[in-house]
Structure formats: C-alpha cells, structure tokens
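User: Please take a close look at the salt bridges in this model, and set them in the context of the rest of the chain.

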Amino acid sequence: AVSGEIRALADVAPFLHTAPIVPVSAHTGAGIEALRRELTRALRVIPPRDDRGWFRLAIDRAFTVRGRGAVVTGTLRGGPLERGQAVRIEPGGMVARVRELQVHNRSVERVTDGGRTAVNLAGVEAEALRRGQVLATDPGAIAVTDRLLVALRSPAGPGRGERSWGEGETLRLHVATESADVIVSRAGRAPIALPGGETVALLRLDRPVAAAAGDRFALRRPSPSAT
C-alpha cells in the first residue's frame, strides 16, 4: 500500500517514472542492503557537476565554533576552493578568507570534487551569515537580484495535468538553499512558448537573492499546495 502511494506521488514528475522503490524497515534492517545497492547505482548516473571553473557554495548552515570563529556548510559547485583563498558572500557584499576546510570532518588544503564542505571563515562574524547566502570566488559567478527572467514548466510535463499560474499570483521560490516569495508576471506580454512546453515569465522577488544564469529552481503554490 505504501509503495503504491509513493509511486502515485513519483509519477507526477517525468524523471521519476522509472525510479525504483525500495521497501526498508528501520526497526528490523530489512531492505537496507538493497537500498545501498540502489544508491550506489544512482551515484554512477548523476550528471557531471558544474565545471564552469569557478567556485560557488550555497550556505545551508552558519554557526560559531569557539576559538575558530564563523563556520558555514554547504555543497560546493565548480571549484576548486583552497585554504587562504578570499571569497565573496552574497547577498551582503562581504569579503572573507578561508581559514580552514573540512570534508567529512577531516581538514583538507583544497576541495575540488563538489562534495559537501565545511568552511571556517576569517574576517566575518557568524551572526552576519545565514542560510541562502552564497560564497563565490569570482565576482561574476553570481548576481544579486530581485528580478528573474525564467523558463517555467510543470513538473507533470506537457499534457500531464499542467497547471497554469495567474498574472500577479504570489508563489514561493526555492533556489539552492534560498527561498523567497515571488510574484509571477508576464509584464503584459503574451506568453512566449519555448521548446518542451516551457513558457517565459518574470519573477518579482520580495527580496534580493544570489543566483547565476542557468540555475534550476522550484516554485511552490502554498494553497492549494502544488509545485
């Protein structure tokens, strides 16, 4: 019964149509080995990481370590990032220096593989940092903006129950680790259709976010709940 419910939810997104469902039990351990095998198989088919040659890390946690100062964690894109390197933090326009890097609780001099990373920063206080901000080494890697010109598509895909959105409707934007309320607008123009059933829209955000051209994102309608 649970597997059937999960399949019904997964079928909303085309890329999940063939995804395996692996029943497991946290109480008995049944199915854990099968889950490990499926995760290993999935890791082999993950698309190549962003290789545009510049580092970017979206903060998911920011805190203070006594005697070390500000620490942020997130998943690195691009790279590399090295100890002693200067980074810019946006939104905010702050500049800091990498005091220490850790991967899986082990200190390293350099991170290149795009994995989850902890960064100890000098020159900035943890109180000034928050989830959703982005670290970057190249000032041109990201832009801080409250307007985004985007291509939108329904997760159901063309002809699969695609939902429309109303001019001026307020939705919730999720990009990297950031979220913000947005108003969807076509600025009075007729919808522009793109290949694959996508349409062009302008998102007006309630506050600036740090993003890069080509970033993927999700839009959520709070009520009735829909993606």
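Analyst: In this predicted model, the count comes to 13 salt bridges. Side chains of opposite charge can pair when their charged atoms come close. Several of these pairs are described below, followed by their surroundings.

Within helix α2, glutamate 33 forms a salt bridge with arginine 36, and the closest N and O atoms are 2.4 Å apart. Both residues lie in that helix, three residues apart, which is about one turn. Glutamate 33 counts as partly exposed because its relative accessibility is 47%; arginine 36, at 46%, likewise counts as partly exposed.

Arginine 130 forms a salt bridge with glutamate 178, with the closest N and O atoms 3.1 Å apart. This pair links distant parts of the chain, since arginine 130 lies in the loop between β8 and β9 (134-136) while glutamate 178 lies in strand β12, 48 residues away. Arginine 130 has a relative accessibility of 31% and therefore counts as partly exposed. Glutamate 178 has a relative accessibility of 5%, under the 20% limit, and so counts as buried.

A salt bridge also joins the side chains of glutamate 178 and arginine 207, again with an N to O distance of 3.1 Å. Here too the pair links distant parts of the chain: arginine 207 is in strand β13 (residues 199-211) and glutamate 178 is in strand β12, 29 residues apart. Arginine 207 counts as partly exposed because its relative accessibility is 30%. Elsewhere, salt bridges that share partners join Arg56, Arg77 and Asp215 into one network.

The setting of glutamate 178 can be described further. Strand β12, in which glutamate 178 is placed, covers residues 178-185. The side chains of glutamate 178 and arginine 130 are also joined by a polar contact of 3.1 Å. Setting aside residues up to four places away in sequence, glutamate 178 touches Arg130, Arg131, Gly132, Leu173, Arg207 and Val209. Both of its salt-bridge partners named above, Arg130 and Arg207, appear in that set of contacts.

Alanine 176 lies in the loop between β11 (170-175) and β12. Its phi is near 55°, a positive value in a residue other than glycine. Alanine 176 counts as exposed because its relative accessibility is 65%. Histidine 104, in the loop between β5 and β6 (106-108), has a positive phi of about 55° although it is not a glycine. At 74% relative accessibility, histidine 104 also counts as exposed. The peptide bond from glutamate 90 to proline 91 is cis, with omega near -10°, and proline 91 lies in the loop between β4 and β5. Most residues other than glycine have a negative phi, and most peptide bonds are trans.

The nonpolar interior forms the other part of the context. In soluble globular proteins, nonpolar side chains tend to be buried together. The largest nonpolar core of this chain has 22 residues, and those with the most contacts inside it are Leu121 and Leu135. Strands β1 (56-65), β2 (69-77), β4 (86-90), β5 (94-103) and β8 (116-122) each supply at least two residues of this core. The largest share, five residues, comes from β5. Apart from this core lies another, of 14 residues, among them Leu152, Leu171, Val182 and Leu219. Leucine 135 touches, among others, Phe55, Arg56, Leu57 and Leu121, leaving aside residues up to four places away in sequence. Arg56, a contact of leucine 135, is also a member of the salt-bridge network with Arg77 and Asp215.

At the surface, Val24, Leu35 and Leu39 make a nonpolar patch of about 240 Å². Valine 24 is found in the loop between α1 (2-10) and α2 (32-43), and at 42% relative accessibility it counts as partly exposed.

For the chain as a whole, the secondary structure comes to two helices and 14 strands. Buried residues make up 34% of the 227 residues. Among contacts with a separation of 6 or more, 60% are between residues 24 or more positions apart. The accessible surface comes to about 13,600 Å², of which 54% belongs to carbon and sulfur atoms.

Notes. Residues are numbered from 1 along each chain as its sequence is written. This is a predicted model: local features need pLDDT of at least 70, side-chain atom pairs count only at pLDDT 80 or more; totals for chains, interfaces and linings use all residues. Side-chain values use heavy atoms; hydrogens and water are left out. Helices (H or I, at least four residues) and strands (E, at least two) are DSSP runs, numbered from the N terminus. A polar contact is a pair of N or O atoms within 3.5 Å; within protein, one must be able to donate a hydrogen and the other to accept it, and residues adjacent in sequence count only if both atoms are side-chain atoms. Contact means heavy atoms within 4.5 Å. A nonpolar core is a set of buried Ala, Val, Leu, Ile, Met, Phe, Trp, Tyr and Cys residues joined through side-chain atoms within 4.5 Å. Buried means under 20% relative accessible area, exposed over 50%, partly exposed in between (1.4 Å probe, protein chains only). Patches are made of residues with over 30% relative accessible area and no salt bridge: like charges are joined within 9 Å, nonpolar side chains (Val, Leu, Ile, Met, Phe, Trp, Tyr) within 5 Å. Accessible areas come from the Shrake-Rupley method with a 1.4 Å probe; for residues, only the protein chains shown count as cover. A salt bridge is a side-chain nitrogen of Lys or Arg within 4 Å of a carboxyl oxygen of Asp or Glu.
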